Amino acid sequence: MRSDTTGFWTPVALSADIPSGTVIPAHVSAGTIALWRSQAGQIAASADRCPHRGMSLSHGFVRGEALSCIYHGWSYGMSGHCVRIPAHPSLTPPETIRVVTHAVRDTSGVVWVAEGTPASDPLSLDGLTPLRSLTVEADRAAIEAAAGVPANADGLIEIARDGEDLCLLLSGSQQSQTGVRTVVHVLVATGSQAPQRIAASRNVERLRRMAETTSAEGNVP
Ligand code: FES
């Protein structure tokens, strides 16, 4: 996803997978983050560590326009500042209590998180519609081998299967307990009908099995 030398955008999730009032864990190259959407529909990305005692904020909950920690209930606004400490309801939390936040964009049905300071906008996905995301227990090289083509500089793989175009948008790979895993966002041509969408989903499942087999057998080129 590198777009320049000072930063890049990572596609961490599909917009539809984060309804208003929810928080999920997402992954960037630096590790896990808490990705959340306020009740009003604003998207935000925070470090996945509560400044109080280190609880994962992705295990927390969204109330109104704030993300609350599941442990002692400290709440953080969109900009990361602490807005409420339940044990001290009359206290205005000092400005110094805040969680690290990341720039985030919700565009073309994909949520992108900035790593560093990108000088340009996230990749334009005109003519494409997100279908689904899936996690592949393999690195990018194994996915590229299964697809038969390398990803371009933006991490996009474009292939044709069953006469239909299929696009895979690769997120960064992370180390997991069982090896390396990569989140793949699947995109189809805008206007695709149910049969094409079902076929695309089946094709990407096949591709996942191939990549995971390749990875498990250590045959990655
Ligand atoms: S650890 Fe988060 S509020 Fe205490």
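Into which domains is the protein chain divided? In this predicted model, the chain splits into domain 1, covering 7-116, and domain 2, covering 128-217. Their C-alpha centres sit 28 Å apart.

The two domains do touch. On the domain 1 side, 11 residues make contact, and they meet 10 residues of domain 2. Putting the two parts together buries about 730 Å² between them, with carbon and sulfur atoms giving 68% of that area. On the domain 1 side, much of the story comes down to a trio: Pro11, Leu14 and His27 supply 60% of the area that domain 1 buries against domain 2, and no other three residues supply more. As for salt bridges, the count across this interface is 0.

Salt bridges do turn up when the search takes in the whole structure, which yields 6. One involves Arg37 and Asp106, whose side chains come together at 3.0 Å, N to O. Arg37 belongs to strand β3 (residues 31-37) and Asp106 to strand β10 (residues 104-107), so this pair ties together parts of the chain that are 69 residues apart in sequence.

Then there is the largest pocket, with a volume of about 210 Å³. Its lining is made up of 16 residues, and the ones closest to the pocket centre are Val12, Pro25, His27, Thr135 and Val183. His27 thus shows up twice, once among these central lining residues and once in the trio named above for the buried area of domain 1.

Where does the largest pocket lie with respect to domain 1 and domain 2? Both domains give residues to the lining, so the pocket lies between them. Turning to the strands, β1 (7-14), β2 (22-28), β12 (128-136), β14 (164-176) and β15 (179-189) each put at least two residues into the lining. Among the contributors, β2 gives the most, with 4 residues. In chemical terms, the lining residues break down into 8 nonpolar, 6 polar and 2 charged.

Taken together, the region between the domains combines a buried area of about 730 Å², a salt-bridge count of 0 across the interface, and the largest pocket, which lies between domain 1 and domain 2.

Methods. Residues are numbered from 1 along each chain as its sequence is written. This is a predicted model: local features need pLDDT of at least 70, side-chain atom pairs count only at pLDDT 80 or more; totals for chains, interfaces and linings use all residues. Side-chain values use heavy atoms; hydrogens and water are left out. On a 1 Å grid over the protein atoms alone, a cavity is a set of points where a 1.4 Å probe fits but cannot get out, and a pocket is an open set with protein on both sides within 12 Å along at least five of seven lines; lining residues have an atom within 4 Å of a point. Grid points are joined across faces, edges and corners, and a volume is the space filled by probe spheres set on the points. Ala, Val, Leu, Ile, Met, Phe, Trp, Tyr, Cys and Pro count as nonpolar, Asp, Glu, Lys and Arg as charged, and the others, Gly among them, as polar. Domain bounds come from an automatic or database domain assignment. Contact means heavy atoms within 4.5 Å. Buried area is the accessible area (1.4 Å probe) that two parts lose on being put together, summed over both. A salt bridge is a side-chain nitrogen of Lys or Arg within 4 Å of a carboxyl oxygen of Asp or Glu.
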